[in-house]
Amino acid sequence: MNFISKDFEKLVEELSSLPGVGIKSAGRLAFHIINEPIEKSEALANAIKNAAKNVKHCKICNMITDDEVCSICKNEIRNKKIIMVVENDRDLIAYEKVGKYKGLYHVLGGAISPLLGIGPNELKIKELLKRLTQDVEEVILATNSSIEGEATATYLAKIIKPLNIKVSRIASGVPVGGDIENIDEVTLFRAYEGRVEI
Ligand code: ZN
C-alpha cells in the first residue's frame with residue numbers, strides 16, 4: 001500500500017507488530033483511526049504513551065500497578081498465608097474476576113521454556129522465594145496446563161516443598177494446553193477449589 005501514504009503505511013506496520021494483529025486487521029484499524037476526529041487519535045496515542053511510561057510492576061507480587069505496591073498486596077483483608085503463583089497479569093485478573101480467592105498472588109512473568117530460552121532466572125522466582133517466610137502456609141501453583149506451565153509448576157514444587165510449605169496445583173478442569181485467561185469463571189473456580197497438594 002506504499003503508493004497511498006507513507007504515514008498510513010507506517011501506522012499499519014506499527015499496529016501489525018502487536019500480538020494477535022495481522023496485517024489485515026492492522027489495515028482495518030488504521031482506516032478506522034484516520035477516519036476518526038483527530039482528538040480521538042490523540043487520546044489513543046496519549047493513553048498508549050502514558051501507560052507505557054507510568055504503569056509499574058508491584059514490588060511484592062509483580063502485578064501491574066500505578067504505585068509501588070499494588071492494591072491486592074496492600075489490602076489488609078487478603079489472606080497473607082496463601083500465595084497463588086500465576087504466569088502473567090492476565091491470569092491474575094481472570095482469578096480476580098471470579099472473586100472467590102482471597103489470598104495473595106505472585107506473577108512470574110511467563111513460564112519456563114527451554115525452546116524460547118526462558119529459564120528460572122528469567123522469571124520472578126527469586127522474588128517469590130524471598131516472600132516465602134514463616135507466615136506463608138500454602139503456595140498454589142496456578143500456571144497454565146501447557147508443557148511450559150507444567151514444567152514451571154514441577155520446578156517450583158521441587159524448590160518450595162523443602163521449605164515446609166504446603167504446595168498445591170490447580171485441579172483438572174483447566175484443559176491441557178489451555179490458557180487460564182481464556183477459561184470460563186466456573187471452570188476456573190472449580191480448578192482452584194479442587195486443587196491438590198503435590
Ligand atoms: Zn502486589
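**Exercise 1.** What spacing do the donors of the zinc ion follow along the chain? Determine also the geometry of the site.

*Solution.* The model under study is predicted.

Step 1. Identify the ligands: the SG atoms of Cys-58, Cys-61, Cys-70 and Cys-73 coordinate the zinc ion at 2.3 Å.

Step 2. Read their positions along the chain: the donors of the zinc ion have the spacing C-x2-C-x8-C-x2-C.

Step 3. Examine the angles. The four donor atoms subtend 104 to 116° around the zinc ion, and the arrangement is therefore tetrahedral. The criterion applied here is that all angles lie between 85 and 135 degrees.

Step 4. Consider the surroundings of the ligands: Cys-70 and Cys-73 are both buried.

**Exercise 2.** Establish how strand β6 is paired with strands β5 and β7, and locate the partners of Ser-168.

*Solution.*

Step 1. Strand β5 (residues 138-141) runs parallel to strand β6 (residues 166-169), and four bridges join them. Within this pair, Ile-140 is the residue opposite Ser-168. Between β5 and β6 the chain passes through helix α7 (residues 147-160), forming a right-handed β-α-β crossover.

Step 2. Strand β7 (residues 196-197) pairs with β6 through two bridges, in the antiparallel sense. Here Glu-197 of β7 lies opposite Ser-168.

Step 3. Combining the steps, β6 has a parallel partner in β5 and an antiparallel partner in β7.

**Exercise 3.** Describe the largest nonpolar core, and state which element gives the most to it.

*Solution.*

Step 1. The largest nonpolar core comprises 41 residues, and Met-84 and Tyr-95 have the most contacts inside it.

Step 2. Several elements give two or more residues to this core, including α4 (71-74), α5 (89-98), β4 (103-107) and α8 (185-193). The greatest contribution, five residues, comes from β3.

Step 3. Inspect Met-84. With neighbours within four places in sequence left aside, the contacts of Met-84 are Tyr-95, Tyr-101, Leu-104, Tyr-105, His-106, Ile-140, Ala-142 and Tyr-192. One of these, Ile-140, is the residue opposite Ser-168 in β6.

Step 4. Another core lies apart from this one; it has seven residues, among them Val-12, Leu-15, Val-21 and Ala-26.

**Exercise 4.** Is Thr-152 buried or exposed, and which residues does it touch?

*Solution.*

Step 1. Thr-152 is located in helix α7, the helix of the crossover from β5 to β6.

Step 2. The relative accessible area of Thr-152 is 0%, so Thr-152 is buried; the cut-off is under 20%.

Step 3. Not counting residues up to four places away in sequence, Thr-152 touches Leu-108, Ala-111, Ile-112, Leu-123 and Thr-143.

Technical notes:
Residues are numbered from 1 along each chain as its sequence is written. This is a predicted model: local features need pLDDT of at least 70, side-chain atom pairs count only at pLDDT 80 or more; totals for chains, interfaces and linings use all residues. Side-chain values use heavy atoms; hydrogens and water are left out. Two strands pair if DSSP finds at least two bridges between them. A crossover is right-handed if, with the strands pointing away from the viewer, the path from the first strand over the helix to the second runs clockwise. A nonpolar core is a set of buried Ala, Val, Leu, Ile, Met, Phe, Trp, Tyr and Cys residues joined through side-chain atoms within 4.5 Å. Buried means under 20% relative accessible area, exposed over 50%, partly exposed in between (1.4 Å probe, protein chains only). Contact means heavy atoms within 4.5 Å. Donors are N, O and S atoms within 2.8 Å of the metal (3.2 Å for Na, K and Ca); water is not among the atoms, so sites may look incomplete. Four donors count as tetrahedral if all angles lie between 85 and 135 degrees; four count as square planar and six as octahedral if opposite donors are over 155 degrees apart and all others between 65 and 115; anything else is irregular.
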